[in-house]
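User: I am new to this structure and would be grateful for a close look at a single part of it. Please choose a pair of packed helices and explain how the pair is placed in the rest of the protein.

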Amino acid sequence: MDPTPSTGGAENSDTIDSQTAHSGGLRDVVALTLPAASAYLTVLRTATASLAARLDFTLDDIEDLRIAVDEACALLLVSAVPGSSLDCTFTLSPGVMHVLVTVESLDGEPPSEDTFAWTVLKALAGDVDTSTGPGNKVSITLQKRRGVRADLGEPPAGHVRGSGAADQTPLGDAVGTP
(Lines give C-alpha, C1' and ligand atoms only; values in the text may rest on other atoms or scores of the structure.)
Protein backbone atom coordinates (compact mmCIF):
# COMPACT_ATOMS: atom_id res chain seq x y z
CA MET A 1 0.00 0.00 0.00
CA ASP A 2 1.35 3.42 -0.97
CA PRO A 3 1.17 5.82 2.03
CA THR A 4 1.54 8.86 -0.22
CA PRO A 5 -1.48 11.19 -0.10
CA SER A 6 -3.34 11.42 -3.38
CA THR A 7 -5.53 13.96 -5.13
CA GLY A 8 -7.92 11.37 -6.47
CA GLY A 9 -8.53 7.68 -6.95
CA ALA A 10 -6.16 5.15 -8.49
CA GLU A 11 -6.36 6.94 -11.83
CA ASN A 12 -4.72 10.04 -10.29
CA SER A 13 -2.13 8.37 -8.06
CA ASP A 14 0.94 8.87 -10.30
CA THR A 15 2.08 12.26 -9.01
CA ILE A 16 0.93 15.23 -7.00
CA ASP A 17 1.89 18.63 -8.35
CA SER A 18 2.79 21.32 -5.83
CA GLN A 19 -0.15 23.51 -6.84
CA THR A 20 -2.65 20.79 -5.91
CA ALA A 21 -0.88 20.09 -2.62
CA HIS A 22 -0.94 23.77 -1.66
CA SER A 23 -4.49 24.53 -2.87
CA GLY A 24 -6.20 22.25 -0.34
CA GLY A 25 -6.85 19.44 -2.84
CA LEU A 26 -4.65 16.95 -1.00
CA ARG A 27 -6.47 13.95 0.47
CA ASP A 28 -5.81 10.46 1.77
CA VAL A 29 -8.14 7.53 1.16
CA VAL A 30 -8.15 4.55 3.55
CA ALA A 31 -10.34 1.53 2.79
CA LEU A 32 -11.10 -1.32 5.20
CA THR A 33 -13.08 -4.49 4.56
CA LEU A 34 -14.24 -6.45 7.60
CA PRO A 35 -16.69 -9.27 8.20
CA ALA A 36 -20.20 -7.84 8.64
CA ALA A 37 -20.38 -8.73 12.32
CA SER A 38 -20.50 -6.50 15.38
CA ALA A 39 -17.46 -8.26 16.88
CA TYR A 40 -15.24 -6.46 14.35
CA LEU A 41 -16.51 -2.93 15.03
CA THR A 42 -13.74 -2.32 17.57
CA VAL A 43 -11.26 -2.40 14.68
CA LEU A 44 -13.30 0.23 12.85
CA ARG A 45 -13.67 2.44 15.96
CA THR A 46 -9.90 2.34 16.52
CA ALA A 47 -9.18 3.20 12.88
CA THR A 48 -11.71 6.05 13.03
CA ALA A 49 -10.07 7.53 16.13
CA SER A 50 -6.57 7.22 14.69
CA LEU A 51 -7.49 8.86 11.41
CA ALA A 52 -9.42 11.68 13.11
CA ALA A 53 -6.41 12.33 15.36
CA ARG A 54 -4.26 12.56 12.22
CA LEU A 55 -6.53 15.43 11.11
CA ASP A 56 -6.08 17.19 14.50
CA PHE A 57 -9.71 16.71 15.53
CA THR A 58 -10.45 17.61 19.15
CA LEU A 59 -10.87 14.76 21.63
CA ASP A 60 -14.62 15.45 21.70
CA ASP A 61 -14.81 15.35 17.89
CA ILE A 62 -12.83 12.09 17.82
CA GLU A 63 -15.18 10.48 20.32
CA ASP A 64 -18.27 11.79 18.47
CA LEU A 65 -16.94 10.35 15.21
CA ARG A 66 -16.11 6.98 16.81
CA ILE A 67 -19.65 6.73 18.14
CA ALA A 68 -21.16 7.92 14.84
CA VAL A 69 -19.26 5.31 12.78
CA ASP A 70 -20.22 2.63 15.29
CA GLU A 71 -23.89 3.70 15.13
CA ALA A 72 -23.87 3.80 11.31
CA CYS A 73 -22.47 0.26 11.23
CA ALA A 74 -25.01 -0.95 13.78
CA LEU A 75 -27.83 0.44 11.62
CA LEU A 76 -26.47 -1.41 8.57
CA LEU A 77 -25.59 -4.69 10.29
CA VAL A 78 -29.20 -5.27 11.32
CA SER A 79 -30.06 -6.21 7.73
CA ALA A 80 -26.63 -7.39 6.47
CA VAL A 81 -26.43 -10.68 4.60
CA PRO A 82 -24.88 -13.28 6.95
CA GLY A 83 -21.26 -13.94 6.01
CA SER A 84 -20.97 -10.77 3.93
CA SER A 85 -18.45 -7.93 4.28
CA LEU A 86 -18.69 -4.46 5.72
CA ASP A 87 -16.72 -1.99 3.58
CA CYS A 88 -15.58 1.30 5.07
CA THR A 89 -13.80 4.04 3.15
CA PHE A 90 -12.33 7.05 4.93
CA THR A 91 -11.46 10.09 2.82
CA LEU A 92 -9.29 12.57 4.69
CA SER A 93 -8.97 16.19 3.60
CA PRO A 94 -7.60 19.10 5.62
CA GLY A 95 -10.04 19.48 8.56
CA VAL A 96 -12.65 17.10 7.11
CA MET A 97 -13.27 13.36 7.33
CA HIS A 98 -15.71 11.67 4.97
CA VAL A 99 -16.74 8.11 5.88
CA LEU A 100 -18.64 5.71 3.61
CA VAL A 101 -19.88 2.45 5.18
CA THR A 102 -21.47 -0.18 2.92
CA VAL A 103 -22.96 -3.66 3.37
CA GLU A 104 -24.86 -6.13 1.23
CA SER A 105 -28.36 -6.03 2.68
CA LEU A 106 -31.02 -8.72 2.85
CA ASP A 107 -33.72 -6.31 1.67
CA GLY A 108 -31.76 -3.56 -0.10
CA GLU A 109 -33.59 -0.92 1.94
CA PRO A 110 -31.74 1.95 3.65
CA PRO A 111 -32.20 2.44 7.40
CA SER A 112 -35.12 4.61 8.44
CA GLU A 113 -34.29 8.27 8.99
CA ASP A 114 -37.26 8.62 11.39
CA THR A 115 -35.57 6.87 14.31
CA PHE A 116 -33.83 8.08 17.45
CA ALA A 117 -30.64 6.33 16.28
CA TRP A 118 -30.64 8.38 13.06
CA THR A 119 -31.17 11.61 15.04
CA VAL A 120 -28.20 10.76 17.26
CA LEU A 121 -26.12 9.91 14.19
CA LYS A 122 -26.85 13.30 12.62
CA ALA A 123 -26.05 15.12 15.86
CA LEU A 124 -22.70 13.36 16.19
CA ALA A 125 -21.49 13.42 12.59
CA GLY A 126 -22.99 16.50 10.98
CA ASP A 127 -23.68 15.58 7.37
CA VAL A 128 -25.28 12.12 7.11
CA ASP A 129 -26.87 10.46 4.11
CA THR A 130 -27.89 7.00 2.98
CA SER A 131 -27.97 5.40 -0.45
CA THR A 132 -28.58 2.09 -2.18
CA GLY A 133 -26.65 0.47 -4.97
CA PRO A 134 -26.57 -2.61 -7.16
CA GLY A 135 -26.80 -6.03 -5.57
CA ASN A 136 -28.76 -4.82 -2.53
CA LYS A 137 -25.82 -2.69 -1.37
CA VAL A 138 -26.81 -0.14 1.28
CA SER A 139 -24.51 2.69 2.36
CA ILE A 140 -24.36 5.40 4.99
CA THR A 141 -22.16 8.42 4.37
CA LEU A 142 -20.88 10.63 7.20
CA GLN A 143 -18.94 13.85 6.96
CA LYS A 144 -17.41 15.51 10.01
CA ARG A 145 -15.53 18.82 10.04
CA ARG A 146 -12.91 19.56 12.65
CA GLY A 147 -14.09 21.83 15.47
CA VAL A 148 -17.65 22.35 14.19
CA ARG A 149 -20.69 21.45 16.26
CA ALA A 150 -22.90 19.27 14.10
CA ASP A 151 -26.14 20.60 15.56
CA LEU A 152 -25.30 24.28 15.04
CA GLY A 153 -22.70 24.26 12.26
CA GLU A 154 -20.35 26.40 14.33
CA PRO A 155 -17.33 25.96 16.58
CA PRO A 156 -18.17 24.81 20.11
CA ALA A 157 -18.36 27.45 22.83
CA GLY A 158 -14.93 28.44 24.07
CA HIS A 159 -13.19 26.93 21.02
CA VAL A 160 -10.11 28.90 20.01
CA ARG A 161 -9.15 28.60 16.33
CA GLY A 162 -5.66 28.76 14.90
CA SER A 163 -2.31 27.20 15.72
CA GLY A 164 -1.13 27.21 19.29
CA ALA A 165 -4.69 26.95 20.60
CA ALA A 166 -3.54 24.46 23.21
CA ASP A 167 -1.53 27.12 25.08
CA GLN A 168 -4.28 29.78 24.91
CA THR A 169 -6.95 30.17 27.58
CA PRO A 170 -10.34 29.24 26.10
CA LEU A 171 -12.97 31.95 26.20
CA GLY A 172 -14.93 31.97 29.45
CA ASP A 173 -12.30 29.98 31.34
CA ALA A 174 -10.07 32.83 32.54
CA VAL A 175 -8.46 32.12 35.89
CA GLY A 176 -9.51 34.44 38.70
CA THR A 177 -12.74 35.55 37.03
CA PRO A 178 -15.38 36.24 39.73
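Analyst: The following account concerns helices α2 and α3, the loop that joins them, and their surroundings.

The model is predicted. The protein has four helices and five strands, and from the N terminus on these elements follow the order α-β-α-α-β-β-α-β-β. Of its 178 residues, 32% count as buried. Among contacts between residues at least 6 apart in sequence, 59% join residues at least 24 apart.

Two packed helices are described by the angle between their axes and the distance between the axes. Helix α2 comprises residues 41-54 and helix α3 residues 59-77; their axes come within 9 Å and cross at roughly 145°. The crossing of α2 and α3 is right-handed. On the side of α2, the residues that meet α3 are Leu41, Leu44, Arg45, Thr46, Thr48, Ala49, Ala52 and Ala53. Their partners in α3 are Ile62, Leu65, Arg66, Val69, Asp70, Cys73 and Leu77. Sorted by class, this contact has 10 nonpolar, two polar and three charged residues.

Each helix may now be taken in turn, beginning with α2. Its 14 residues should span 20 Å at 1.5 Å a residue, and the end C-alpha atoms of α2 are indeed 20 Å apart, so the two values agree. An α-helix has 3.6 residues a turn, so residues three or four places apart point the same way. The buried residues of α2 are Leu41, Leu44, Ala47, Thr48, Ala49, Leu51 and Ala52. What covers these buried residues of α2 includes strand β1 (28-35), helix α3 and strands β2 and β3.

Helix α3 can be described in the same terms. For its 19 residues, 1.5 Å a residue gives an expected span of 27 Å, and the end C-alpha atoms of α3 are 27 Å apart, which agrees. Buried in α3 are Asp61, Ile62, Leu65, Ala68, Val69, Ala72, Cys73, Leu75, Leu76 and Leu77. The buried residues of α3 pack against α2, β2, β3, α4 and β5.

Between the two helices runs a loop, and Asp56 lies in it. Just after α2, Asp56 takes a positive phi of about 65°, although Asp56 is not a glycine. Its relative accessible area is 58%, so Asp56 counts as exposed. Asn136 also has a positive phi without being a glycine, with a value near 60°. Asn136 is placed in the loop between β4 (127-133) and β5. With a relative accessible area of 35%, Asn136 is partly exposed.

The next topic is the nonpolar core. In soluble globular proteins, nonpolar side chains tend to be buried together. The largest nonpolar core here has 36 residues, and those with the most contacts inside it are Leu44, Phe90, Met97, Leu121, Ile140 and Leu142. At least two residues of this core come from each of α2, α3, β2 (85-93), β3 (96-104), α4 (116-125) and β5 (137-145). Helix α3 gives the most to this core, with nine residues.

Phe90 shows how α2 meets its surroundings. Not counting residues up to four places away in sequence, Phe90 touches Leu44, Ala47, Thr48 and Leu51, and also Asp28, Val29, Val30, Leu32, Met97, His98 and Val99.

His98, one of the residues that Phe90 touches, has its place in strand β3. His98 counts as partly exposed because its relative accessibility is 27%. Beyond four places in sequence, His98 touches Thr89, Phe90, Thr91, Thr141, Leu142 and Gln143. His98 and Lys144 are 46 residues apart in sequence, yet 6.6 Å apart in space, C-alpha to C-alpha.

A further link in the surroundings involves Thr33, which is in strand β1. At 54% relative accessibility, Thr33 is classed as exposed. Leaving aside its neighbours within four places in sequence, Thr33 is in contact with Ser85, Leu86 and Asp87. Thr33 and Leu86 are 53 residues apart in sequence and 5.7 Å apart in space, C-alpha to C-alpha.

In summary, α2 and α3 cross at roughly 145°, Asp56 lies in the loop between them, and both helices supply residues to the largest nonpolar core.

How values were computed. Residues numbered from 1 in each chain as written. Predicted model: local features only at pLDDT ≥ 70, side-chain atom pairs only at ≥ 80, totals over all residues. Heavy atoms only, no water. Axes fitted to C-alpha atoms, helices over the stretch in contact; angles between N-to-C directions. Left-handed = near helix turned anticlockwise from the far one by under 90°. Contact = heavy atoms within 4.5 Å. Nonpolar A, V, L, I, M, F, W, Y, C, P; charged D, E, K, R; others polar. Core = buried A, V, L, I, M, F, W, Y, C linked by side-chain atoms within 4.5 Å. Buried < 20%, exposed > 50% of the residue type's maximum accessible area, 1.4 Å probe, protein only. Expected span 1.5 Å × (residues − 1).
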